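Here are some notes for a colleague who is meeting this structure for the first time. They are set out as numbered points, to be read with the model in view.

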Amino acid sequence: MGVDYVPDAIAAAQRQAPEGVTYVVGDVTDLSASNLGTFDFFLDVGCFQGFDAAQRLAEGRGVSALANPGATLLMLEFGPTRMRRLVGGVSQAEVQDAFPGWELVDVTPAETAGLGWPMNRTAPQWFRLRKV
Ligand SMILES: C[S@@+](CC[C@H](N)C(=O)[O-])C[C@H]1O[C@@H](n2cnc3c(N)ncnc32)[C@H](O)[C@@H]1O
């Protein structure tokens, strides 16, 4: 299941959805309102990095509420650079603060080849967390 709060993005994704994949318009800072079910795996590529502290905590609460025990959360996010206001970015501590019921299993620098400036200067990281 894919979630985005931009209806046009969801409509475009639905047009090319693989068998069994659904896309819904929803706000990841208010997931409880969406009645999505529960999940063993979550992927956030570049969404969390754009949020302020309250929004990050809200995403954390929503994802945690939908997570089965032992669920995995994989996140790819820019680091907190001087360009943060422009392109977003989060620190490892900010990830951990937003997901208190999760164990941070791994942090790995992400590939920046193919990213233009200034994104290729944001030290993106893959964060892997496990719901305790
Ligand atoms: C940087 S883009 C990344 C998109 C995609 N993950 C990718 O890798 O191409 C961030 C996405 O998060 C979506 N987004 C931002 N805030 C959101 C929210 N509160 N709820 C749901 N989606 C949101 C935006 O509409 C946008 O599609």
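1. A word on classes is needed before the ligand is discussed: Ala, Val, Leu, Ile, Met, Phe, Trp, Tyr, Cys and Pro count as nonpolar, Asp, Glu, Lys and Arg as charged, and the others, Gly among them, as polar. On that basis the shell around the ligand has seven nonpolar, three polar and two charged residues. Please keep in mind throughout that this is a predicted model.

2. Which residues surround the ligand? They are Val3, Asp4, Tyr5, Val6, Ala9, Asp27, Val28, Thr29, Val45, Gly46, Cys47 and Gly50. Both domains take part in this shell, since at least three of its residues are drawn from each of domain 1 (1-35) and domain 2 (38-131).

3. The division of the protein chain deserves attention alongside the ligand shell, with domain 1 covering 1-35 and domain 2 covering 38-131. The C-alpha centres of the two domains are 19 Å apart, and their contact takes five residues from domain 1 and eight residues from domain 2. On the side of domain 1 that touches domain 2, two residues are nonpolar, two are polar and one is charged.

4. As for secondary structure, the protein chain holds four helices and six strands, which follow one another along the sequence in the pattern β-α-β-β-α-β-α-α-β-β. The radius of gyration of the protein chain is 15 Å, close to the 14 Å given by the globule rule for 132 residues, so the chain is as compact as a globular protein of that length. Along its principal axes, the C-alpha trace spans about 35 × 35 × 25 Å.

5. A reader tracing the fold may also look at how contacts are spread along the sequence: of those between residues at least 6 apart, 66% join residues at least 24 apart. Buried residues make up 20% of the 132 residues in the protein chain.

6. In soluble globular proteins, nonpolar side chains tend to be buried together. In this model the largest nonpolar core has 13 residues, and those with the most contacts inside it are Leu73, Met75, Val95, Phe99 and Leu129. Two or more residues of this core are given by each of β4 (67-77), α4 (92-98) and β6 (125-131), while the largest share, three residues, comes from β4.

7. Finally, Leu73 may be followed as one example from that core: leaving aside residues up to four places away in sequence, Leu73 touches Phe42, Val63, Phe99, Trp102 and Leu129.

Note on methods: Residues numbered from 1 in each chain as written. Predicted model: local features only at pLDDT ≥ 70, side-chain atom pairs only at ≥ 80, totals over all residues. Near = placed C-beta within 6 Å. Domains from an automatic or database assignment. Core = buried A, V, L, I, M, F, W, Y, C linked by C-beta atoms within 7 Å. Buried ≥ 20, exposed ≤ 12 C-beta atoms within 10 Å, placed from the backbone. Contact = placed C-beta atoms within 7 Å. Rg over C-alpha atoms; globule rule 2.2 N^0.38 Å.
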